[in-house]
Amino acid sequence: MNMTLTTFDGYPRDDLDIAQIRSTRARIIWLRNDYKTLMSKIETGLHKHHAQNLSTRQLDPSSSRDTAEMGVNAAEYRSLDPPFAKVNNVVPASPADEAGLKAGDKIRRFGSVDWVNHEKLSKVADIVQRNEGVRTPS
């Protein structure tokens, strides 16, 4: 597209089909303009769609169109992460026991840790060590 079509002294180059190159360049410019127009229309449509979706969610935050189609509300949808750990035992009178945790329960989220980032449960141990002896609000 940026190659010169003339010689150093301003005459058309004899090794190129100038007419073909100019018509091809014009077609490419035309297609680029069409592409820009199309992308602008798509962007406008996406903004309208997401604005409408956001206003719908603000009116009824407990459900959205996506989760409603699946038959679950938004709170249940967030809890559908796959479990990454299983409780083997719970020490009586421990914070876990007071919270109602039982042997066999499956852990889907532990603080900021979930099935994606638990790193073979080492992050769970880090969180427990950092919060050992810290009382949680009741």
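## Surface and overall make-up

Accessible areas here come from the Shrake-Rupley method with a 1.4 Å probe. On that basis the protein, which is a predicted model, exposes about 11700 Å², and carbon and sulfur atoms supply 56% of this area. Buried residues make up 12% of the 138 residues in the protein.

Five helices and four strands are present in the protein, and from the N terminus on these elements follow one another in the order α-α-α-β-α-β-β-β-α. Among the contacts in the protein with a separation of 6 or more, 27% are accounted for by residues that lie 24 or more positions apart.

## The segment before helix α1

Pro12 has its place in the segment before α1, and Pro12 is exposed, with a relative accessible area of 58%. When residues up to four places away in sequence are not counted, Pro12 touches Leu5, Thr6, Thr7 and Ile18.

Arg13 takes part in a salt bridge with Asp15, in which the closest N and O atoms are 2.9 Å apart. The two partners fall into separate classes of accessibility, since Arg13 is partly exposed at a relative accessible area of 23%, whereas Asp15 counts as exposed at 52%, the cut-off for exposed being over 50%.

## A nonpolar patch and helix α1

A nonpolar patch on the surface is formed by Tyr35, Leu38, Met39, Ile42 and Leu46, which together have about 490 Å² of accessible area. One of these residues, Met39, is found in helix α1, which covers residues 18-59. Met39 is described as partly exposed because its relative accessible area is 37%, and partly exposed is the class between under 20% and over 50%.

## The largest pocket

The largest pocket has a volume of about 1000 Å³. Its lining is made up of 27 residues, of which Pro95, Ala96, Leu101, Phe110 and Val128 are the closest to its centre. The elements that give two or more residues to this lining are β1 (85-86), α4 (95-98) and α5 (122-131). The largest share of the lining, four residues, comes from α5.

Gly100 is placed in the loop between α4 and β2, the latter being residues 106-107. At 35% relative accessibility, Gly100 counts as partly exposed. Gly100 and Val90 are 10 residues apart along the chain, and their C-alpha atoms are separated by 9.5 Å.

## Salt bridges

Side chains of opposite charge can pair when their charged atoms come close. In this protein the count comes to three salt bridges, one of which is the pair of Arg13 and Asp15 described above.

Another salt bridge joins the side chains of Asp114 and Arg109, with an N to O distance of 3.4 Å. Asp114 counts as buried because its relative accessibility is 13%, and buried means under 20%; its partner Arg109, by contrast, is partly exposed, with a relative accessible area of 48%. Lys123 forms a salt bridge with Glu119, and here the closest N and O atoms are 3.7 Å apart. In this pair Lys123 counts as partly exposed at 29% relative accessibility, while Glu119 is exposed, with a relative accessible area of 51%.

## The loop between β4 and α5

Most residues other than glycine have a negative phi. Against that background, Lys120 draws attention with a phi near 55 degrees, a positive value in a residue other than glycine. Lys120 lies in the loop between β4, which is residues 113-114, and α5, and Lys120 is exposed, with a relative accessible area of 80%.

Leu121 likewise has a positive phi, of about 70 degrees, although Leu121 is not a glycine. Leu121 also lies in the loop between β4 and α5, where Leu121 counts as partly exposed at 39% relative accessibility.

Definitions and conventions
Residues numbered from 1 in each chain as written. Heavy atoms only, no water. Buried < 20%, exposed > 50% of the residue type's maximum accessible area, 1.4 Å probe, protein only. Contact = heavy atoms within 4.5 Å. Patch = residues over 30% accessible without salt bridge, like charges linked within 9 Å, V, L, I, M, F, W, Y side chains within 5 Å. Salt bridge = Lys/Arg side-chain N within 4 Å of Asp/Glu carboxyl O. 1 Å grid on protein atoms, 1.4 Å probe; cavity = no way out; pocket = protein on both sides within 12 Å on 5 of 7 lines; lining within 4 Å. Points joined across faces, edges and corners; volume = space filled by probe spheres on them.
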